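Here is a friendly walk through one model, written for someone who likes to know the cut-offs. Please keep the viewer open while you read.

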Amino acid sequence: MKKNKKLFVLAALFLAVFAVGGTLAYLTDTTDPETNTFTFGKVEIELDEGDWDSTNATDLAPGDEVTKEPSVKVKDGSKDAFVFIEVTMPAKIGDKDVLTLSAIDTSKWTTVSTQGYTTVYAYGSSSAMTKVSANGATDKLFEKVTVNGALSGEELATLGDNGANIVVKAYAIQADNVTGTPTEVWATLQSEL
């Protein structure tokens with residue numbers, strides 16, 4: 001019995017030593033968390049109409065010209081951009097345009113869309129956009145607006161006191177990671193509006 005007791009004590013001691021040995025402490029380490037902040041750019045533009053003075057667009061007669069030089073400036077801090085100008089002309093009187101634009105420089109601007117009296121021009125060629133950087137600007141789309149000299153005073157009177165309006169609006173989309181022809185880039189921009 002003493003022998004069994006000794007064996008029992010020895011087995012208990014062995015189990016105790018094994019249990020203590022089985023719960024070893026391991027060496028570990030962790031790092032402090034690292035926060036990675038991602039900031040995002042923006043595209044900001046401004047429509048510039050050059051020497052436009054609305055007082056010069058009053059009391060006009062057929063054949064008169066008014067200076068209007070729309071261009072687009074990409075603002076400081078903006079991402080590089082592809083630029084478009086949309087021009088909505090007044091409705092015709094019969095088959096005559098009320099107002100016409102001076103020659104558009106087709107080496108700098110290309111037509112990407114025409115719907116009714118609204119035309120969209122892209123800054124670039126028919127196959128590639130021209131990127132405009134921050135603090136940069138496009139060339140003028142046109143320089144003058146002319147009252148159609150073939151219109152009579154009676155025809156112009158049908159416009160009433162409101163006269164005729166040209167609406168000019170500029171659009172831009174980031175140049176980075178945007179590819180395609182001007183028509184394709186315009187479609188991409190339209191899908192984002």
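Isoleucine 166 is in contact with Lys68, Val87, Thr88, Met89, Pro90, Leu99, Leu101 and Val145, leaving aside its neighbours within four places in sequence; contact here means heavy atoms within 4.5 Å. This is a predicted model, in which local features need pLDDT of at least 70 and side-chain atom pairs count only at pLDDT 80 or more, while totals for chains, interfaces and linings use all residues. Residues are numbered from 1 along each chain as its sequence is written, and side-chain values use heavy atoms, with hydrogens and water left out.

Isoleucine 166 also belongs to the largest nonpolar core, which has 23 residues; together with Ile85, Val87, Leu99 and Leu141, Ile166 touches the most other members. A nonpolar core is a set of buried Ala, Val, Leu, Ile, Met, Phe, Trp, Tyr and Cys residues joined through side-chain atoms within 4.5 Å. Buried stands for under 20% relative accessible area, exposed for over 50%, and partly exposed for values in between, using a 1.4 Å probe and protein chains only. The elements giving two or more residues to this core are β3 (71-74), β4, β7, β8 and β9, and β4 supplies the largest share, four residues. Helices (H or I, at least four residues) and strands (E, at least two) are DSSP runs, numbered from the N terminus. A second, separate core has 13 residues, including Val112, Met129, Tyr171 and Val185.

Now to the sheets. Strands of a sheet pair through backbone hydrogen bonds, either parallel or antiparallel. Two strands count as paired if DSSP finds at least two bridges between them. One open sheet has four strands in the order β6-β7-β4-β9, with antiparallel pairing. Its edge strands, β6 (109-115) and β9, each pair on one side only. On average, neighbouring strands of this sheet are turned by 25° against each other, direction ignored; axes are lines fitted to C-alpha atoms, for helices over the stretch in contact, and angles run from 0 to 180 degrees between N-to-C directions.

The pairs of this sheet are listed here.

| Strand pair | Bridges | One bridge pair |
|---|---|---|
| β6 and β7 | six bridges | glutamine 115 and threonine 118 |
| β4 and β7 | five bridges | isoleucine 85 and tyrosine 121 |
| β4 and β9 | eight bridges | threonine 88 and valine 167 |

β6 and β7 form a hairpin with two residues between them, and glycine 116 in the turn has a positive phi of about 60°. Why is β7 largely enclosed by the rest of the structure? Six of the six residues of β7 are buried, so the strand is largely enclosed. Both faces are covered: Thr118, Val120 and Ala122 are buried on one side, and Thr119, Tyr121 and Tyr123 on the other. Helix α3 lies across β4, β6, β7 and β9, and runs at about 90° to β9.

A second open sheet has three strands in the order β2-β8-β5, also antiparallel. Its edge strands are β2 (65-67) and β5 (99-101), each pairing on one side only. β5 is joined to β8 (residues 144-147) by three bridges, and leucine 101 has valine 145 as its bridge partner in β8.

Next, some individual residues. Tyrosine 171 lies in β9 (residues 167-174) and is buried, with a relative accessible area of 11%. Its C-alpha atom is separated by 5.1 Å from that of phenylalanine 84, although the two residues are 87 apart along the chain. The side chains of tyrosine 171 and glutamate 86 are joined by a polar contact of 3.4 Å; a polar contact is a pair of N or O atoms within 3.5 Å where, within protein, one must be able to donate a hydrogen and the other to accept it, and residues adjacent in sequence count only if both atoms are side-chain atoms.

Threonine 138 sits in the loop between β7 and β8. Is threonine 138 buried or exposed? At 8% relative accessibility, threonine 138 is buried. A polar atom of its side chain lies 2.9 Å from the backbone nitrogen of valine 72.

Asparagine 135 is in the loop between β7 (118-123) and β8; its phi is positive, near 70°, and asparagine 135 is partly exposed at 47%. Asparagine 177, in the loop between β9 and α3 (182-192), has a positive phi of about 65° and is exposed, with 76% relative accessibility.
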